[in-house]
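Open the model in your viewer and show it as a cartoon, with side chains hidden for now. The stops below go element by element.

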Amino acid sequence: MKLIYCLLLIFCGSVFTSAQKTYTVQGTVQDFHDKTMLENAVVKIGNLTAKTDKKGTFSFNKIPVGKYTLIAKHPDCNDYTENIGVDQDLHLTITLEHHSGDIETITLHGSHKNKGSIVMKTLDKAELERNSTENLGNVLSKISGVSVLKTGNNITKPVIHGLYGSRISIMNNGVKLAEQEWGAEHAPNVDVNDFEHIDVIKGASALKYGNDGVAGVVLLEPAIPPKKDTLMGNLKLSGISNGRGGEISANVLKSWENEWFVKTGGSYKKLGDLYIPHHTLQNTGAEVNSFNFSFGRHDFMQGFDVSYSGMNQEFGIYKGAHLGNGYDIYKAMTLGQPYFLDDFSYDIGYPKQKIEHHIVKLSAYKRFADFGKITFQYSFQVNKRKEYDVRKGDLKDTPSMDLRLITHSASLTHLIERSKWSLESGVSAGFQDNYPNPATEVRRLIPDYYRYDAGGFSVFKYRFTPKLNAEAGVRYDFSRYDSYKYYDAKEWNDKYADVFPQFFVKESGSRVLSRPIIDNHNISANVGLNYTPSKDFDIKFNFSRMSRTPNPAELFADGLHHSAAIIEKGDLRIKKEEIYNAGLSLTGRFNVLKGLQVEANPYIIFSDSFINQMPVEIQNTSRGTFAVWAYQQVKARMYGIDADAQLNILDNLKWTTSFSALRGDDLTNNEPLILMMPMSLRNSLELKLNKPANFYVRLENENTFKQNRFPIRDQSVQFIEDGEMVTKIIDYSTPPAGFSIFHASIGADLFKNMNLNFRINNIFNREYKEYLNRLRYYMPEPGRNFVVTLKYNF
């Protein structure tokens, strides 16, 4: 009997062993984009774990028959999960989204690794929140090589390496702003509260944004919705002493785990007349409000979003810049006797400007495993600009300039990546309709025109070795202006009748109606290199040749530009602008104290067809006395250097410094270029502590040196003095003295979700003038300003 039991046990054991037969599960883990095999990926089957080798392979032996959940993980990748059944030997190919060097958005910041030749500076979320009440120009001026062109103290626009306006592309959430940016005082219609970070970039990849980014591209990037079920947002309240005003802003985001999202936000800011040391400037208040809304779904393989943003701005123009006769302008500019002081008001009277801007964007993308990513985008923009002069009678409330600009644009791009190379290509088209309302009963500064645009680009990147990368880009653009414009008959006959007879339509009294149809074919190209000889040293080189179509003001401007307080004159004979730009970036990291990083960026820009605007005379009109600025085309050269350093003195104490110097030469007239950025030096010292949470103290010193290189463009003005007509010379050329001002800020979390930030600008209430302020002849820069911001996160 015992023998029978033993035989039964042996038989059952053999059957059980046979039932537990095992199999081998092997495979590879690769990158979805470029098919690179991924090393050190972790693969789990049940309770068993394996890592991939250098060839991206993994192997499991003796996996019992059954159903399992397979999980694959890799740094900077989304986890991969799959249910598998093991009843035979398996060989699996696992594809992960591995994208640490994100070519798709040129924007490389935060944890992203910059592997290309892009030269970029970033203002992160913390920096934007500390300066949330500032306009875009003032915020960007904190970056080395970026300065600000001002018209008074409210209207600012960024200047990069001495270039501004149409030479800088500003991308608002992927949409290039179209807002009559040609003007010296046309401030970008942007609310910095809407964005997570702002990048200023240069490089071959910038060609994807168009051929206008000769100086650089400003990328305004909103926060990426989290891929989880959550509701989040913030509410900010700010008090501003200079102007006795404040700002309120709110943002709300709802996202779902299925990757849908919806978000909205808005802000409102009101300021009264601005304070300068010892005085208040009449009619310098501002009122600004904005709103944005978007929804969509962004998963890895495909996605779409629909967004809207709108902004309204109203700025008073200092009355002392609009003077009625030559004697007043002579006193204001020569004797330093400003007008219209010390009567504070929140009212915004005439002269003033009102701007309304709307953007609607639709975008969608789809990824294909072997073909790459296809992205389509369409945007619609409306920009309405009204500028009011001091007028009398029935027209006193009628704007002197009333422009409406409608812009349609569409693009289709394709991106493909492989282990050593990537290629991004695209086509785009655009249409603009500019309509100046004749109800103003004033000569139109900018005429009616249609503009048609079409272009294509391609950017190729190649990795020769882990230390050497190269990129090259090429772009072609076609543009056409179809416009209607009246000229004085004498001006037409003297300048254009023989050159453009085909544009003549008819003559009516002392006026000639013309229809200029102007075509431009532009070819732009860029090459870049990035060499990293060691982990502590990095070299980048970029060379570009950019071709740009003249903007409407350069071709057609003709009349008083009210908010700029100047008369502008364009020239129909101006040709396309071709600019060559070479830049070098050297970055080193050194073992000094807790770490030192130094970056130097020398550059040179030269052009045989540089479009420049110069003061040419003072003109008396029925609406006042103003300087005349005319557009000219000259041979020019600019070169300079930007330098940045950051020293971590202690783990929680750092010192940063930035330096910029620029020299510009008008080689045609053998004189310096006008409005070149003066040499500047900025230093800051910041202490951070853990208690209270996010506590910091920051002291800043901003130094701007006197610009000693400038063209002589002094103007003469006539007026009656002691009963006789006299002619006086106005010093319209000499830049103001240099200056040094200090700022300070402090902030911390008061509670878990409550943060307080306090800032003082111009601590010592220094009176100074900036060379790049077009109204510096009539007023100094703002005095001391206290700003306190309370932010609640939820």
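A strand here is a DSSP run of E of at least two residues, numbered from the N terminus. The model is a predicted one.

**Stop 1: strand S16**

Select residues 245–255, which are strand S16. Show the side chains and look at the two faces in turn. The covered face carries Gly245, Glu247, Ser249, Asn251, Leu253 and Ser255. On the uncovered face are Gly246, Ile248, Ala250, Val252 and Lys254.

**Stop 2: the partners of S16**

Add residues 230–240, strand S15. S15 and S16 pair in the antiparallel sense, over 11 bridges. To see one position of this pairing, pick Asn234, which stands opposite Asn251 of S16. Then follow the chain from S15 into S16: the two strands form a hairpin, with 4 residues between them. In that turn, select Gly243, whose phi is positive, at about 110°.

Next add residues 260–271, strand S17. S17 runs antiparallel to S16, and 10 bridges join them. Select Ser255 and Phe261 together; Phe261 in S17 is the bridge partner of Ser255. S16 and S17 also form a hairpin, again with 4 residues between the strands. Glu259 lies in this turn and has a positive phi of about 80°.

**Stop 3: helix H5**

Move to residues 489–496, helix H5. Which residues of H5 are buried? They are Ala489, Glu491, Trp492 and Tyr496. These residues cover an arc of only 160° around the axis, so they lie on the same side of H5. Now turn the helix over: the face directed away from the buried side carries Lys490 and Asp494, which are exposed.

To see what covers the buried residues of H5, display strands S27 (468–488), S28 (504–508), S29 (511–514) and S33 (566–569), which are among the elements that do so.

**Stop 4: the sheet S4-S1-S7**

Finish with an open sheet of 3 strands, in the order S4-S1-S7 and with mixed pairing. Select S4 (57–64) and S7 (90–96), which stand at the edges. Each has a single partner strand, so one side of each is left without a neighbour in the sheet. View the sheet so that the strand directions can be compared: neighbouring strands are turned by 25° against each other on average, direction ignored.

Then select S1, residues 22–31, together with S7. S1 and S7 run parallel and are joined by 7 bridges. For one of the residue pairs, pick Val29, whose bridge partner in S7 is Ile94.

Methods
Residues are numbered from 1 along each chain as its sequence is written. This is a predicted model: local features need pLDDT of at least 70, side-chain atom pairs count only at pLDDT 80 or more; totals for chains, interfaces and linings use all residues. Side-chain values use heavy atoms; hydrogens and water are left out. Buried means under 20% relative accessible area, exposed over 50%, partly exposed in between (1.4 Å probe, protein chains only). Two strands pair if DSSP finds at least two bridges between them. The arc is that of the directions from the helix axis to the C-beta atoms. Contact means heavy atoms within 4.5 Å. Axes are lines fitted to C-alpha atoms, for helices over the stretch in contact, and angles run from 0 to 180 degrees between N-to-C directions.
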